[in-house]
Amino acid sequence: MEHIIKNGFVYDPLNEVDGEKMDICIKDGKIVDSVSADANVIDATGKIVMPGGVDPHAHVAGAKVNVGRMYRPEDSKKDVEAAATGGRAGSGFSVPSTFMTGQRYAQMGYTTVMEAAMPPLLARHTHEEFHDTPIIDHAAFPLFGNNWFVMEYLKEGDVDGCAAYASWLLKATKGYTIKIVNPGGTEAWAWGGNVHGIHDPSPYFDIEAAEIIKGLAQVNEMLGLPHPIHLHCNDLGHPGNYETTLASFDVPKGIKVNAKTGSRDAVLYATHVQFHSYGGTSWRDVVSEAPTIANYVNKNDHIVMDIGQVTLDETTTMTADGPMEFDLHSLNGLKWANCDVELETGSGVVPFIYAARAPVPALQWAVGMELFLLTEDAKKVCLTTDSPNAGPFTRYPRVISWLMSNRARTDLMEGELHKWAQRKSSIATIDREYSFLEIAQVTRATPAKVLGLSDTKGHLGAGADADVAIYNFNPEIQNPSADYRALEAAFQHASLVLKDGIPVVKEGVVVNPTLRGRTYWVDTMLDETVYNEVVADVEKQFKQFYSVNFANYPVQDSYLPHSTPVKGVIQ
Amino acid sequence: MELVKNVVCPFCGTLCDDIICKVENDEIVGTINACRIGHSKFVHAEGAMRWKKPQIRDENGELVETTYDDAIEKAAQVLAASKRPLMYGWSCTECEAQAVGVDLAEQTKAIVDNTASVCHGPSVLALQDVGYPICTFGEVKNRADVVVYWGCNPMHAHPRHLSRHVFARGFFRERGRSDRTLIVVDPRESDSSKLADIHLQVGYNQDYELLDAMRAAMMGHEILYDEVAGIPREEIMEAVEALKNAQFGILFFGMGITHSRGKHRNIDTAIMMVQDLNNFAKFTLIPMRGHYNVTGFNQVATWESGYPYCIDFATGIPRYNPGETGANDVLQNKETDAMMVIASDPGAHFPQKSLRRMAEIPVIAIEPHRTPTTELADIILPPAIVGMETDGTAYRMEGVPIRMRKVVDSDLLSDREILQRLLKRVMEIKTASK
Ligand code: SF4
Ligand SMILES: [Zn+2]
């Protein structure tokens, strides 16, 4: 099947196309240079054309996501949807059911989404949910930062052993990257504690966050993984935490990029940095330190970050940062779910109401905006809400409108937003507005590149997957800054979305809800001898300390009907 | 004789995955590691009669053997014609079959409900009220120094639960049982309470009072009575101190507390007690789920619809209102006009009033054995047994997903295949009648 998308304003940063009117040709699910005269013509006159959106960090599938759904019927009830033709019904505002999740991403023109936290022991659950999540390509990030084997190997200085273990775990869980959450802190939480800063050793294992981050960053590059270490720093959400954040950013600096797939420049991916950019010593004297963080990012090239923008909604927080969620529950008194996972990790879930009229959420909103607007190069920034932590992914269009319209921000600040936003941050003094090219950068190009997927994702050059989003907004006659509501509406319901060349959304309505996306995972093997020794050792430990048998642990191939391995180092 | 290792036991929510099956001539003749109830499931020792062919009840009320094609056709006709079908059970089958089931329910605008409705339903309501702080079994084995079983008798209902997680040695509990304080709360003397260091013999239906007193004491208030819920103040204080001083504590709770007076309010309070305890100690909980994959259905239904059980698709969108949309509600209110039962035995466990309605309406049973439910059924579709004759996913009581293995062959269709064929046929009938 051939298509030609004619006359749209194309924004494709990876190919340096900035709003030019040009045709996009598609053949057999791929972007090509030209098509025959028989190609189906799609008229995009007066519309914006972008590559399919790429979300590098969201919580959409797996154990804690499902706890978020199960224990909040009040959230499900708030937002229900009947089935699209041929599709399935669903419910959930902040944590939509799987069918709704895939469909709502597609409606916004997103075609690739990363599940940001997968407890290895529960990996099968994440993959089962992927199976029921339509349209979007996806991958999951297994958690490494509090894993006993990782901590033991690194403590002993055995980076080779740790690398072998990591490659085994990626294979066994069909995972995509090395995810680190509150390194050492979640293990401490298994005893009811936490660690503070990067030099506070974890109980028993006696290893500092700095050592875990550094060791895993080395492992990441030894294995040639497509994505750098994906770090959720220590001290999330604590006033004064920006110092920990800066110190953490410095840890992997100097390590050389060695990605076997893709073309990333960073050795560190820092996630939801908004939650890590606070000054002061308490919630009374808290201030924004976003300018300091943005300044660091401006001066350093080894890092890419996503923001975790607060959207001012009632939502459901969920993270592998177990102690943080208990603190949050103690603070807001809302119901607390938790799941500690043997030898590996933990997690917590707590509802949260980011009321615009409340001081702290207003400041958090401002911190996120400052990070977006003070980081000069959009090549270092990804747009996220750490969905659903700072707000649900369905609010991305609103975040886009805030970024492109100083008027939108001012209207909010002059309106119901609590004055802390202006008083404790510099947001009111910033008038920068993102261009469409920069929006395409932070929602497509940057995430695709830093994920190591930019051969096929995040751009519209020949060879890319034919994932294309067309939006009903005419940059020649409409002004996004003035007409920010129309902008938000256009990005909420795309005019047309193609996934691998197949129409999945037309005029905002899902038309192909039975389509299923690829599951990316990383296949890597550094040294077979070390690998075999390590696996034998892991098997021995399993017998004693795990509650499942070694043979029943790896995710069977049958769970990945659209398995798409991505290569790291293979020797 | 062949030994098949790492087999997962399809009986209780402990979901032991270390079973070795002895197989001879494609038949399981023995097991290693299984407890007696797991063993008897594997070797079909329960004496239950197994359906070898689908059955349809004739006009004289006699069951007549038939083909899958015929039985599925008749079942599909029943479901397509029903105005308010009920699809109930699901707890002894695997997740893919459950997923097809939720789809079938949605397409037929049915009510879909699982056995949680009559066992840990109150726990679900409670976790929706106040939260759900849990951990996986390995955490208990490796860390727990205080273990509480409340309202359950694992030695009988989950025979290997204690040996695998409490008696076993763990990383930080090298001596196993002797490194742990075991507390059992149960009105009865049981084989489990005999093993306990502290047995709180709570009065019948007085769990709430006891929990409340314990929480008050934890928060530093004095217990004003000499005795609460039949237990002397000193004993309560001793237990409270043990809980507060835990390094890692775990509360396992069962039907004895979910179904005593107060129901989900008991669990509300129990969960809040665990949350309170986290201000002193590390403390978590795990509900003692009975059927091996009751948890799996709650997971599947939740990710597909947003709700764990009692889901009503009548209006084309999922609705959830336990008390109105539960299996017993729609049976007793005579709302439902056709019922499909799968992987459970309401015939043996539902109240009389519900059974009376079941006797009035067409009942389809997807069930391997002759049971009280099949006595009421008009159409019986026997499946291959998951975990022995076919594979699939199950979720352990605390949510760890494990792949059930196929050990021997069977001529019978799996639950999944039966449901897929039913779904296909129902859709055809519905499209044709449009
Ligand atoms: S304890 Fe339960 S799962 Fe384990 S063998 Fe016995 S019946 Fe089977
Ligand atoms: Zn996250």
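Start by selecting both sides of the interface between chain B and chain A: 40 residue pairs are in polar contact across it, with both residues at pLDDT 80 or more. Keep in mind as you click around that this is a predicted model.

Next, colour the chain B side by secondary structure. Helix 3 (95-107), helix 4 (121-130), helix 5 (137-143) and helix 12 (294-305) each put at least two residues on the side that touches chain A, and so do strand 8 (131-135), strand 15 (282-287), strand 21 (392-395) and strand 22 (401-404). Recolour that side by residue class and you get 24 nonpolar, 21 polar and 16 charged residues.

Now go for the charges. Five salt bridges are counted between chain B and chain A. For one to zoom in on, pick R143(B) and E187(A), whose side chains sit 2.9 Å apart, N to O, in a salt bridge.

Then switch to cartoon and show strand 8 of chain B with strand 18 (residues 336-340) of chain A. The two strands pair across the chains in the parallel sense, over five bridges. To find your place in that pairing, label C339(A) and I134(B), which are bridge partners.

Finally, zoom out and turn on surfaces. Chain B and chain A bury about 4900 Å² between them, and 55% of that is on carbon and sulfur atoms. On chain B, select F171(B), K282(B) and W303(B): these lose the most area to chain A, together 14% of what that side buries. For the full contact selection, expect 61 residues of chain B against 58 residues of chain A.

Definitions and conventions:
Residues are numbered from 1 along each chain as its sequence is written. Chains are lettered from A and ligands numbered from 1 in the order in which they are written. This is a predicted model: local features need pLDDT of at least 70, side-chain atom pairs count only at pLDDT 80 or more; totals for chains, interfaces and linings use all residues. Side-chain values use heavy atoms; hydrogens and water are left out. Contact means heavy atoms within 4.5 Å. Buried area is the accessible area (1.4 Å probe) that two parts lose on being put together, summed over both. A salt bridge is a side-chain nitrogen of Lys or Arg within 4 Å of a carboxyl oxygen of Asp or Glu. A polar contact is a pair of N or O atoms within 3.5 Å; within protein, one must be able to donate a hydrogen and the other to accept it, and residues adjacent in sequence count only if both atoms are side-chain atoms. Helices (H or I, at least four residues) and strands (E, at least two) are DSSP runs, numbered from the N terminus. Ala, Val, Leu, Ile, Met, Phe, Trp, Tyr, Cys and Pro count as nonpolar, Asp, Glu, Lys and Arg as charged, and the others, Gly among them, as polar. Two strands pair if DSSP finds at least two bridges between them.
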